Amino acid sequence: MIELKIAEALKDCVKALYNLDIEIDANSVLRTNREFSGDFTIVAFPFVKAAKKAPEAVAAEIGDYLMDRLAHFTTISGISSSLAAFNVVKGFLNLTVAPNFWLSFLQQHQSDAHFGFMQTQECEPIIVEYSSPNTNKPLHLGHIRNNLLGSSIARILKACGKNPVKVNLVNDRGIHICKSMLAWMRFGNGETPESSGIKGDHLAGKYYVEFDKQYKLQIAQLMAAGKSEEEAGKCAPLLLEAQDMLRRWEAGDAEIRTLWQKMNSWVYQGFEDTYRRMGVSFDKTYYESDTYIAGKALIEEGLQNGAFYRREDGSVWVD
């Protein structure tokens, strides 16, 4: 570490110039503020009393010493380097490292894919959850941001010696899933990713859009027959059928479950293709269809003990 070499040279410097025998470590070598020229900064004020000189003079004296001492040194990594220049701003000595140090350092380490990684020191897992898509449509722009942030955070934690666990929670059930399924049953004519050449998650998304299109047509027809927009939205046959499909799914209806598994498998394959292209992976994938029962039991318990309450439309609320 170059800061350590500078600190060692600084310790020798103040001993030789001012007869100061003090401990100086890498923390004494600061990164230079962006508004000044230089890479590293040394504060000269601690040595002013012993030197009996102005801070600017002390900084310049130390700079001359270090330029000579560090004209050519070898770092811990075996890379030769030198100081190219220094400047003094009041009592602050700003050092500029020669370009050959950075070039040599890059040449030595650029092929090391694990440079800078720490050995895992902590066994306590850190859960990093990301992606977490719905299975009624493809991953979208928001998922790209989510995936790259989650994957990056997990990789940074790993490099820092932590124990990240990358988790994906997939929302694979609910009314939105049934909308895609119902539209495929009604308007799909047996279309599959293989028969259409459409990526599986895009195919499911196609029928989610088709549901919305047909649903809006039914709303318009009901409104033309005299119903309000709100009434039409609630009693449109397509929505009622989707709601009935969800109830059948929750009851374990074999036909609905089989269709659900088939269309989800298309979507999962599409997701995997996207994840692979992005370089994103997971250690564990959870599915809402496996966990919602536990959540439902907690809601029912909350209703019984008064933590939650139910409105007239059957929805459950919490204050």
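These legends walk through three close-up views of a predicted model.

Local features are described only where pLDDT is at least 70, and side-chain atom pairs only at pLDDT 80 or more, while totals for chains, interfaces and linings use all residues. Residues are numbered from 1 along each chain as its sequence is written, and side-chain values use heavy atoms, leaving out hydrogens and water.

**View A. Helix 8 packs against helix 10.** Helices here are DSSP runs of H or I with at least four residues, strands are runs of E with at least two, and both are numbered from the N terminus. Helix 8 (residues 200-224) meets helix 10 (residues 237-250) at about 130°, their axes 8 Å apart. Axes are lines fitted to C-alpha atoms, for helices over the stretch in contact, and angles run from 0 to 180 degrees between N-to-C directions.

**View B. An open sheet holds three strands.** Their order is 7-8-9, with parallel pairing; two strands pair if DSSP finds at least two bridges between them. Strand 7 (125-129) and strand 9 (284-287) are the edge strands, each pairing on one side only. From one strand to the next, the twist averages 30°. Look between strand 8 (residues 163-170) and strand 9: four bridges join this parallel pair. Here you can also find Val-167, opposite Lys-284 in strand 9.

**View C. Helix 12 lies across two strands.** Helix 12 (residues 288-305) crosses strand 8 and strand 9, where contact means heavy atoms within 4.5 Å. Relative to strand 9, helix 12 runs at about 55°.
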